[in-house]
Amino acid sequence: LHVLKINAAPSVAEVFTSASDDPSIRNARIIHIVRNPAGFLRSWRRRWLAEHDEEQVLLANVERLEEVRRLDPEGGAFISTVPDPNVHEAELLFWRYCTQRIRTAGAESAEYLEVSYDELACSPLSYLQEIFEFLDLPWSEDVAARVGEMTSSSEDIATAFQSELDDDAISTFERTLGAELCDEFSLRRS
């Protein structure tokens, strides 16, 4: 069993989900862990943006979005609906692009499993059992006990973003994600 963690690289995911004649990747299984974009943004702000110059991050993100629009005009068409994005909007636009493209690549593959990060964090035993089954790995009471020990605070981490969902944040999500994703992740005004 080989495990690759691939972040923000939809073209790499497409290689593994495509019907390849290469036996070394033909049976690769893809687990796509999708985090609520509000949780993703909160984590990104605290872990990445806090450590880097915001103007430089914005410039790099805008360049990355321009490259997406140039290389994938159809898949990146929604990017132009947010002219002059701020640093958070630019990151969310790229999150949307990557998530949608990986989902599309995996949609036709029996070797693709999408897992909600938030649901996994809140109910790790049931979701990890599903993942183990998908990977043809044995599940045991010892594994379940270890998972329980290791994930005792995961729900708090996964839901921490909810206290930050004010009107400004919701507006940002509505502008960048579109109605369908806002509905999927419950990021709408009540």
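1. Angles between helix axes under 35 degrees count as roughly parallel, those over 145 as roughly antiparallel, those from 65 to 115 as roughly perpendicular, and the rest as oblique. In this predicted model, the axes of helix H3 (residues 37–47) and helix H5 (residues 87–106) come within 11 Å and cross at roughly 125 degrees. H3 and H5 are therefore oblique to each other, and the crossing in which H3 passes H5 is right-handed.

2. The salt bridges deserve a point of their own, since both of these helices take part in them: the count comes to 10 salt bridges, and one of them joins the side chains of Glu 164 and Arg 42, with an N to O distance of 2.8 Å. Because Glu 164 lies in the loop between helix H9 (154–159) and helix H10 (167–184) while Arg 42 belongs to helix H3, the pair ties together parts that are 122 residues apart in sequence. With a relative accessible area of 26%, Glu 164 is partly exposed, whereas Arg 42, at 19%, is buried; the cut-off for buried is under 20% relative accessible area.

3. The second helix of the crossing contributes Glu 89, whose side chain meets that of Arg 175 in a salt bridge (2.5 Å, N to O). This pair links distant parts of the chain, Glu 89 being in helix H5 and Arg 175 in helix H10, 86 residues apart. Glu 89 has a relative accessible area of 6% and is buried, while Arg 175, at 41% relative accessibility, counts as partly exposed. Beyond single pairs, salt bridges that share partners join Arg 42, Arg 45, Arg 46 and Glu 164 into one network, and a reader tracing the Glu 164 and Arg 42 contact may wish to view it together with the other members of that network.

4. Which residue forms a salt bridge with Arg 29? The partner is Glu 111, and the closest N and O atoms of the two residues are 3.0 Å apart. Glu 111 lies in the loop between H5 and strand E2 (112–116), and Arg 29 in the loop between helix H2 (23–26) and strand E1 (30–34), so this pair ties together parts of the chain that are 82 residues apart in sequence. Glu 111 counts as partly exposed at 23% relative accessibility, and Arg 29 likewise counts as partly exposed, at 34%.

5. Turning to the start of the chain, Leu 4 is found in the segment before helix H1 (10–17). Is Leu 4 buried or exposed? Its relative accessibility is 59%, so Leu 4 counts as exposed, the cut-off for exposed being over 50%. Together with Ile 6 and Val 12, Leu 4 makes a nonpolar surface patch of about 240 Å². The C-alpha atom of Leu 4 is separated by 9.8 Å from that of Ile 31, a residue 27 positions apart from Leu 4 along the chain.

6. Two aspartates call for a check of their backbone angles. Most residues other than glycine have a negative phi. Asp 84, however, has a phi near 50 degrees, which is a positive value in a residue other than glycine, and Asp 136 has a positive phi of about 60 degrees although it is not a glycine either. Where does each of them sit? Asp 84 is found in the loop between helix H4 (54–71) and H5, and Asp 136 has its place in the loop between helix H7 (124–134) and helix H8 (141–150). Asp 84 is exposed, with a relative accessible area of 76%, and Asp 136 counts as exposed at 57% relative accessibility.

7. A last point concerns helix H8, which follows the loop that holds Asp 136 and contains Val 147. At 9% relative accessibility, Val 147 counts as buried. Val 147 and Pro 124 are 23 residues apart in sequence, and their C-alpha atoms are 7.3 Å apart in space.

Conventions: Residues numbered from 1 in each chain as written. Predicted model: local features only at pLDDT ≥ 70, side-chain atom pairs only at ≥ 80, totals over all residues. Heavy atoms only, no water. Patch = residues over 30% accessible without salt bridge, like charges linked within 9 Å, V, L, I, M, F, W, Y side chains within 5 Å. Areas by Shrake-Rupley, 256 points an atom, 1.4 Å probe, with all protein chains shown as cover. Salt bridge = Lys/Arg side-chain N within 4 Å of Asp/Glu carboxyl O. Helix = DSSP H or I, 4+ residues; strand = E, 2+ residues; numbered from the N terminus. Buried < 20%, exposed > 50% of the residue type's maximum accessible area, 1.4 Å probe, protein only. Axes fitted to C-alpha atoms, helices over the stretch in contact; angles between N-to-C directions. Left-handed = near helix turned anticlockwise from the far one by under 90°.
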